[in-house]
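Work through the following exercises with the sequence and the model side by side. Each task is followed by a solution that goes step by step.

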Amino acid sequence: KSAKWSPKENESKRLPIYQHKSKLIQAVKDSSFLVVTGETGSGKTTQLPQYLREAGFCKDGKIGITQPRRVAAITVAQRVAQEMQCTLGKEVGYQVRFDDCTSQDTVVKYMTDGCLLREVLADPALSQYSVIILDEVHERSLNTDILLGLIKKVFTNPAKATKGRSFPLKVVVMSATLETDKLSAFLSNCPVFAIPGRTFPVTCTFGSAVGPKDLENFTPSALQVVKVALDIHTSEMAGDILVFLTGQSEIEHACDMLFEKAECIDYRYDVTDQSVDGLLILPLYGSMPTDQQRQIFQPPPPGIRKCVVATNIAATSLTIDGIKYIVDSGFVKQLNHNSRVGMDILEVVPISKSEAQQRAGRAGRTSAGKCFRIYTKEFWEKCMPEYTIPEIQRTSLTAVILTLKCLGIHDVIRFPYLDCPEERFILEALKQLYQFDAIDRRGNVTKLGELMVEFPLHPGLTRALLKAASLGCQDLLLPVAAMLSVENIFIRPGHPDKQKEADKKHRALAAKTGSMNDFATLLNVFQSCKSSDRPSAWCKENWIHWRALKSAFSVETQLRDILHRLQQKKDFPVETFDGNKSELFRRCLCTGYFTNVARRSIGKVFCTMDGHGSMVHIHPSSSLFDQEAELNWVIFHDVLATSRVYIRTVCPIRYEWVKDLLPKLHEVDAYELSSVARE
Ligand code: ADP
Ligand code: MG
């Protein structure tokens, strides 16, 4: 009998959740809502959907499991497909933005929370599903929070819950941390199922590399963590290392340094009885190719120590077995809505104390572990907040508010939020929707707004795309929208000589457009590669990520399909352009980016025109960097804050093109837009 068990099966039987299998199934049967909590790694994400499938929950519908991060949705689905011994995309599948790996046969579907939110738009009753599992709720991502509110609004109301459904929906909410009372109270005091954890003590030590004075400019990160990681490698007992850093470039940089330095270690020096020799260095971040991500989970060869250098993704979404040592940089890269600047800014900020504890906990899953914090005790006390602020309270709400409006939820201020966003954030979102013509003065969704909600893009970009489509020149904007939706088109090698070579190629690509304009460069890269006979070779030669470009091709096709479908509608807008044809592209961009206009004030400093008058600089990655003297007015795609506030993906414009649009920024009082909601 035991011969029939695959090793995988035995492995999953050792997880803490396994002992509670039948009770858990019963708990789901007994109640429409259930909160499940348990330490990261206890088996919630991978096992519970399988238990429910075995118990027959897939008879009438699918089991849908949401994840805040796309990497988690993909890797977990891969793992579960493997455990169930089926092909990914058959019984078990995943769907993330622009990548659908499901089929008619899919009954266990992992997806991002954003994907489920789009499904709610098309089918508010979620009639295809028998069970919805909202996972990683403790991460408090914007879309998960909105889904929680929607589920509360619809499914805790007996009159609404059965509408459009032939059988009741089961909702399971899973969280790693103990905010469960709050969650239970939010969902009509539903039962809570706690999976007792098995954790081992983790000893934490503070370092001296980062103190309160480093708060402003956190650059020495990579070097500091590399030093600590190498110290661990040469002086600590066997066990793998997990390093937390802020983002892709920092991680790649740290890995390069680790490679160089680890090669110089004299491994004859035997440190412990369980000596470890070489170091296996593995990066881990969201936009990494998935086949490379899979390596992270494999145990290292005997006598080799694994060192994973990761973003926050490894804190809760993914569990890596065998980790005994943590190196914590104390920082995270976060998209924050900055009301001083009036924009969403990507910035590096200190993590919260609870986040730091979560990171440390990753070392204590299988035995006692150690966590090395590179920051001082003083930094911990003075610079790190107690808890992480939920995303809904710190990012732009424009896209979700439009979604809510399209779902017929007019009163977006009194929507059941688990934690309310600040009212001014909601007002700002309404104002922006009005500026993009997505809602009218009474706060009602316009025809254009109904078209806009169909695109999984930033509303500004969608606005520009729809403008282009109405003028019949969508071929200019579709590639740009696709290119802006994938990460890391341009390769930035860590090595200075190679960097020079790459820069030269990238500048040449920009020059070929004949107009200094980063959007045009994106279009040029897309078209040149697409028309090349050997696109992968073309990419290699031009220091472009071939994989990223391939996804951009696929994204473009999908956006084209959405647009094509909408254009079949009889009231799709049609306009004519009476300006200069060479301006067409930039004029379209202005329709979506007039909220992001800046004017040069002095030297290299630009001043935003959105009423905030923030001082910004052009990012060195732009082809307009160092050309500032020739510029006057520009629009930009996004903002990054390090030691300065930088604008990225920049395009020069003429004042006349935005002259008529700019007053729109101040035309309406946001309170007026919400007045219907407040009646
Ligand atoms: P939880 O959701 O409670 O945090 P998971 O179900 O994610 O727990 O993880 C359970 C176990 O499955 C862990 O030991 C983890 O290492 C393993 N696991 C999860 N995903 C993968 C994967 N893609 N490859 C290998 N092992 C995995
Ligand atoms: Mg999980």
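**Exercise 1.** Determine in which strand Ile323 lies, and whether Ile323 is buried or exposed.

Solution. Ile323 lies in strand β13, which spans residues 323-328, where strands (E, at least two residues) and helices (H or I, at least four residues) are DSSP runs numbered from the N terminus. Next, count the neighbours: 22 other C-beta atoms lie within 10 Å of Ile323, and it is therefore buried (20 or more other C-beta atoms within 10 Å of a residue's own make it buried, 12 or fewer exposed, and a count in between partly exposed, with C-beta atoms placed from the backbone). Leaving aside neighbours within four places in sequence, Ile323 is in contact with Asp240, Leu242, Arg362, Ala363 and Arg365, a contact being a pair of residues whose C-beta atoms, placed from the backbone, lie within 7 Å. Finally, the C-alpha atoms of Ile323 and Val308, which are 15 residues apart along the chain, are separated by 9.2 Å.

Before continuing, note that this is a predicted model, in which local features need pLDDT of at least 70 and side-chain atom pairs count only at pLDDT 80 or more, whereas totals for chains, interfaces and linings use all residues. Residues are numbered from 1 along each chain as its sequence is written, while chains are lettered from A and ligands numbered from 1 in the order in which they are written.

**Exercise 2.** Find the stretches over which pLDDT stays under 50, and set them against the mean for the chain.

Solution. Begin with the whole: the mean pLDDT of the protein chain is 89, and 94% of its residues reach 70 or more, pLDDT being the predictor's confidence in each residue, from 0 to 100. The model scores ipTM 0.98 and pTM 0.88. Then turn to the stretches under 50, which include residues 1-5, with one contact beyond four places in sequence, and residues 268-273, with four such contacts. Where pLDDT is low, the predicted coordinates should not be read in detail.

**Exercise 3.** Establish how many residues of helix α14 are buried, and what covers them.

Solution. Helix α14 comprises residues 398-406, and eight of its nine residues are buried; these are Thr398, Ala399, Val400, Ile401, Leu402, Thr403, Leu404 and Lys405. The cover over these buried residues includes α5 (113-122), α6 (142-155), α15 (423-435), α16 (447-452) and α17 (459-470). After α14 comes Gly408, with a positive phi near 85°.

**Exercise 4.** Describe how α5 and α6 pack, and which residues make the contact.

Solution. Two packed helices are described by the angle between their axes and the distance between the axes. For α5 and α6 the angle is about 40° and the axes are 8 Å apart, the axes being lines fitted to C-alpha atoms over the stretch in contact, with angles from 0 to 180 degrees between N-to-C directions. The contact is made by Asp113, Gly114, Leu116, Leu117 and Val120 of α5 together with Asn143, Thr144, Ile146, Leu147 and Leu150 of α6. By class, the contact residues divide into six nonpolar, three polar and one charged (Ala, Val, Leu, Ile, Met, Phe, Trp, Tyr, Cys and Pro count as nonpolar, Asp, Glu, Lys and Arg as charged, and the others, Gly among them, as polar).

**Exercise 5.** Decide where Arg140 is found, and whether Arg140 is buried or exposed.

Solution. Arg140 is found in the loop between β6 (129-134) and α6. Although Arg140 is not a glycine, its phi is positive, about 55°. Because 21 other C-beta atoms lie within 10 Å of Arg140, this residue is buried.

**Exercise 6.** Compile the surroundings of ligand 1.

Solution. Ligand 1 is surrounded by 17 residues, of which the closest are Lys44, Thr45, Thr46, Arg79 and Phe297; a residue is near the molecule if its C-beta atom, placed from the backbone, lies within 6 Å of it. Helices α3 (44-54) and α4 (70-83) each supply at least two residues of this shell. The shell residues divide into three nonpolar, 11 polar and three charged.

Notes: Two residues are in contact if their C-beta atoms, placed from the backbone, lie within 7 Å.
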